[in-house]
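Biologist: Hey, got a minute to go through some side chains with me? Please show me the model and keep it plain.

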Amino acid sequence: MSYVDEIYDRVVKQNPAQPEFHQAVKEVLDSIRVVIEANEEKYRKDAFLERLTTPERQILFRVPWVDDKGQVQVNNAMRIQFNSAIGPYKGGLRLHPSVNIGIIKFLGFEQVFKNSLTGLPIGGGKGGSDFDPKGKSDREVMAFCQSFMTELHKYIGADTDVPAGDIGTGAREIGFMYGQYKRLTGLYEGVLTGKGLSYGGSLARTEATGYGLLYMTEEMLKCNGIALAGKTVAVSGSGNVAIYAIQKAEQLGAKVVTCSDSTGWIYDPEGIDVALLQEVKEVKRARLTEYAAKRASAVYHDKATEKNNQWIVKVDVALPCATQNELNLEDAKTLVANGVIAVCEGANMPTTREATDYFQAQKVLFVPGKAANAGGVATSALEMSQNSERLSWTFEEVDAKLHDIMVNIFHNIDNASKKYGMEGNYVAGANIAGFLKVADAMNAQGIV
């Protein structure tokens, strides 16, 4: 058995009931197999893959807090500090009932390579809790966030671990967490990113993941002789990533006709009205039924009563921006049958392995999330730089840096795919390019 296969079996045995983590590890190991097997004995002697697939530190803790009725509630929480070879741990905090150790480990593992691809000095980590901010009052969210940070602050810092937002963790939650960190430590430092503009946040951070996704998509299409302008696009999700992906796609001349939330999805053949979507989701925190009620051209589809989702719509480009494994093999076959030419992941691993393989077999241009959605963490690193320098850059400055980073990422993964004989395989290219930088740093630092 090859070293790569041995390590995958080891990961599965040592991390039972963690399918998302297994999936992420297998994808990376399969991609870098050509690199490892070129010098297998050296990697095996150094137990390199064992170290790569094992987090440097796993912090599990409880979060007790009091709800508005005076009842004490307890949530599970964790921070996985996966790899610090190229910089302090960097990755979001997810607040969602689905959060468990396997999901956070998968996200942390992906983050290692995503952060490497940005070219910036940041390692990989991830964290979160099974707390659900939906339906909670501001006071309840504050109570949770303060209790959460009371424990987490012991393990993070501007030069150690810099968390950010993720699903369920927006500006409100980051603000409460930052206030508690500052209260406990007495330090006013860039320990969290996604902060408000009045206390160290960066312009363009809110838009960064969605904008970066479109900069990547446009560059990838252009390098394959295709223009994004005039194309029809399907987007899933209606959170931060999806909203700004839709906005930037429309600015670049494409027409986005779908978006979704946890209860249903919208088809709007006239093109999604971003201002209305922002009002419904960012201001009112309401469901997409309100979008459909105010937009005559929009049709709402309820997930509770309909089997289908937004991937049944005939489009040129698909941008899954909601959550992991939302686009399966059946969806992929439907998209291909309807003539899709490109799929770029706005969320973390939103496409199942079977669907990814199918897209590649059908010659659909496909860029994985670790490359396509790296704009968010890249701009978080730019926020860290501004905090360290006590400076604030303009929106245009940050956006220009973001654009250049995303274009560079595409060319790095494209070049890696060509160098290792897999031209056009941007999954392999992303994994190899991200791996090589981390591997070089790990080898240079010895057995740690």
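Biologist: Which backbone oxygen does the side chain of Arg-51 reach?
Modeller: The side chain of Arg-51 gets to the backbone oxygen of Asp-46, at 3.2 Å. That's a polar contact (N or O atoms within 3.5 Å; within protein, one must be able to donate a hydrogen and the other to accept it, and residues adjacent in sequence count only if both atoms are side-chain atoms). Bear in mind that this is a predicted model, where local features need pLDDT of at least 70, side-chain atom pairs count only at pLDDT 80 or more, and totals for chains, interfaces and linings use all residues. Residues are numbered from 1 along each chain as its sequence is written, and side-chain values use heavy atoms, with hydrogens and water left out.

Biologist: Where does Arg-51 sit?
Modeller: Arg-51 is in helix H4, residues 48-52. Helices are DSSP runs of H or I with at least four residues, strands are runs of E with at least two, and both are numbered from the N terminus.

Biologist: Which side chain of opposite charge is nearest to Arg-51?
Modeller: Asp-46, 5.0 Å away, yet Arg-51 has no salt bridge even though Arg-51 is buried. Lys and Arg count as positive, Asp and Glu as negative, and His and the chain ends aren't counted. A salt bridge needs a side-chain nitrogen of Lys or Arg within 4 Å of a carboxyl oxygen of Asp or Glu. Buried means under 20% relative accessible area, exposed over 50%, partly exposed in between (1.4 Å probe, protein chains only).

Biologist: OK, new topic. How many salt bridges are there?
Modeller: The count comes to 28. One of them joins Asp-68 and Arg-139, with the closest N and O atoms 2.7 Å apart. That pair links distant parts of the chain, 71 residues apart: Asp-68 is in the loop between S1 and strand S2 (72-83), and Arg-139 is in helix H6.

Biologist: Are Lys-281 and Asp-261 buried or exposed?
Modeller: Both Lys-281 and Asp-261 are buried. They form a salt bridge too, at 2.9 Å between the closest N and O atoms. Lys-281 is in helix H10 (residues 274-283), while Asp-261 is in the loop between strand S7 (255-260) and strand S8 (264-267), 20 residues apart.

Biologist: And which residues do shared salt-bridge partners join into one network?
Modeller: Asp-5, Lys-26, Asp-30, Arg-33, Glu-37, Arg-353 and Asp-357. Within helix H2 (residues 19-36), Asp-30 and Arg-33 are three residues apart, about one turn of the helix. Their salt bridge is 3.5 Å, N to O.

Biologist: Switching to rings: how many aromatic pairs are there?
Modeller: There are 17. Rings of Phe, Tyr and Trp (its six-membered ring) pair if their centres lie within 6.5 Å; planes under 30 degrees apart count as stacked, over 60 as edge-to-face and the rest as tilted. Phe-61 and Phe-148 make a tilted pair, 5.6 Å centre to centre with 45° between the planes. Phe-61 is in strand S1 (residues 57-66) and Phe-148 in helix H6 (residues 138-152), so this pair ties together parts 87 residues apart in sequence.

Biologist: What are the relative accessible areas of those two, Phe-61 and Phe-148?
Modeller: Phe-61 is at 9% and Phe-148 at 0%. Together with Trp-65, Phe-131 and Phe-144, they form one aromatic cluster.
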